[in-house]
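Visitor: I have a new structure to look at and would like some help in reading it. Could you walk me through the strands and helices?

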Amino acid sequence: MTVNTFDRYGPDVLAGSSPSSHRPTKSTPVELGLGMVLEDAMSGYVGAVVGAEKTTAGVVVNLEDRAGKVRAFPLGPGFLLEGKPVDITLPAKKKSAPSRTASGSRAVGNARARVARGSRIWVEGKHDAELVEKIWGDDLRIEGVVVEPLGGLDDVADKLAAFGPDKDHRVGVLADHLVSGTKESKIAEAVRGDPRYRDVVHIIGHPYVDIWQAVKPHAVGIREWPVVPRGEDWKTGILARIGWPHADHRDVARGWVRILGKVSTIADVEPTLSGRVEELIDFVTVG
């Protein structure tokens, strides 16, 4: 029976053991690599690189020949690679750029999430919370801040009364479509004017009808977010106009998953949103 074995050196590459008689003298710098087949120009010894190590005399390269014998040679010039003279160097150490979170903050390696602070960030709905988590989740876990869906700004007064914010238990609120003259803006003004919540509650809003609009259109693959007439369900109207399934709430849920999946960093959302979220994070993490 014939057994085929893999020859990592290739045919006859290690067969010769005598140095070449006529070689050019100029050496090309080449980084050391495991498995690289080198010939020592002085002795004619040919072997594959199996490692390198530091010795009292300096760094040596270990070469293994066809018979499995290993010899060490000083790192540097004096080798042939594919018949050409080379100066073997150690691989350059790669400088790793400091990693960043999705929000653009410097990532803290091996950092554990803090035990949750007493402070909270409230957002109006589940989709809002998921978008904030997608981009700022790493930052929030380091700070120990919990993001909770509020359900709607109509509930904020009752929820604040139950929560009882103070200087150690601050509340930041991100409201949808907080524009002058709306019911939501009047609710926000009432909270801001309540002396119980001065300096411990901060309500801020974005101008979008829904958090979907805070995702940049190009991230979703559209030129702009369509305009949906008053009286028509906004989310199903959006899905219909961009040509996605929109029959019922399940299509809305799938549409949001699709939109959220297109978001990877802070660059995928409008600055009008990102600036407000970071303002709230700063507010609830004071002290």
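What follows is a short talk about sheets, a crossover and helix packing.

Guide: Welcome! Please keep in mind that this is a predicted model. Let us begin with the sheets.

Visitor: How do I read the order of strands in a sheet, and what is the order in the open sheet of seven strands?

Guide: The idea is to list the strands as they lie side by side. Here the order is E1-E7-E6-E2-E3-E4-E5, and the pairing is mixed.

Visitor: Which strands stand at the edges there?

Guide: Look for strands with a single partner. They are strand E1 (28-31) and strand E5 (70-74), so each has one side without a neighbour in the sheet. From one strand to the next, the twist averages 50°.

Visitor: Where do the side chains in a strand point?

Guide: As a general idea, side chains in a regular strand alternate between the two faces of the sheet.

Visitor: In what sense do E1 and strand E7 pair, and over how many bridges?

Guide: E1 and E7 (residues 84-89) pair in the parallel sense, over four bridges. To find the place in your viewer, look for Val 30, which stands opposite Ile 88 in E7.

Visitor: What is the order of the open sheet formed by four strands?

Guide: That sheet runs E9-E8-E10-E11, with parallel pairing. Its edge strands are E9 and strand E11 (201-205), each pairing on one side only. The twist in this sheet averages 20° from one strand to the next.

Visitor: Which bridges could I look for in it?

Guide: Try strand E10 (residues 171-175) and E11, which pair in the parallel sense over five bridges. Leu 174 has Ile 204 in E11 as its bridge partner. Then turn to strand E8 (residues 120-123) and strand E9 (residues 146-149), a parallel pair with four bridges. There, Arg 120 stands opposite Val 146 in E9.

Visitor: Through which helix does the chain cross from E8 to E9, and is the crossover right-handed or left-handed?

Guide: To read a crossover, follow the chain from one strand, over the helix, to the other strand. Here the path goes from E8 through H1 to E9, a right-handed β-α-β crossover. Helix H1 lies across E8 and E9, and runs at about 175° to E9.

Visitor: Which strands does H7 lie across?

Guide: H7 lies across E8, E10 and E11, running at about 165° to E10.

Visitor: At roughly what angle do the axes of H1 and H7 cross?

Guide: For two helices, compare the directions of their axes. The axes of helix H1 (residues 126-143) and helix H7 (residues 271-284) cross at roughly 40° and come within 12 Å. That angle makes H1 oblique to H7. The crossing of H1 and H7 is right-handed.

Visitor: Which residues meet where H1 and H7 are in contact?

Guide: From H1 come Leu 131, Val 132, Trp 136 and Leu 140, and they meet Leu 273, Ser 274, Val 277, Glu 278 and Ile 281 in H7. These residues divide into seven nonpolar, one polar and one charged.

Visitor: At what angle do H5 and H6 pack?

Guide: Helix H5 (residues 234-241) and helix H6 (residues 249-261) pack at about 70°, with axes 10 Å apart. This makes H5 roughly perpendicular to H6. The crossing of H5 and H6 is left-handed. In their contact, Lys 235, Thr 236 and Leu 239 in H5 meet Asp 251, Val 252 and Gly 255 in H6. The residues there divide into two nonpolar, two polar and two charged.

Conventions. Residues numbered from 1 in each chain as written. Predicted model: local features only at pLDDT ≥ 70, side-chain atom pairs only at ≥ 80, totals over all residues. Heavy atoms only, no water. Axes fitted to C-alpha atoms, helices over the stretch in contact; angles between N-to-C directions. Parallel < 35°, antiparallel > 145°, perpendicular 65-115°, else oblique. Left-handed = near helix turned anticlockwise from the far one by under 90°. Contact = heavy atoms within 4.5 Å. Nonpolar A, V, L, I, M, F, W, Y, C, P; charged D, E, K, R; others polar. Pairing = 2+ DSSP bridges. Right-handed = clockwise from strand over helix to strand, strands pointing away.
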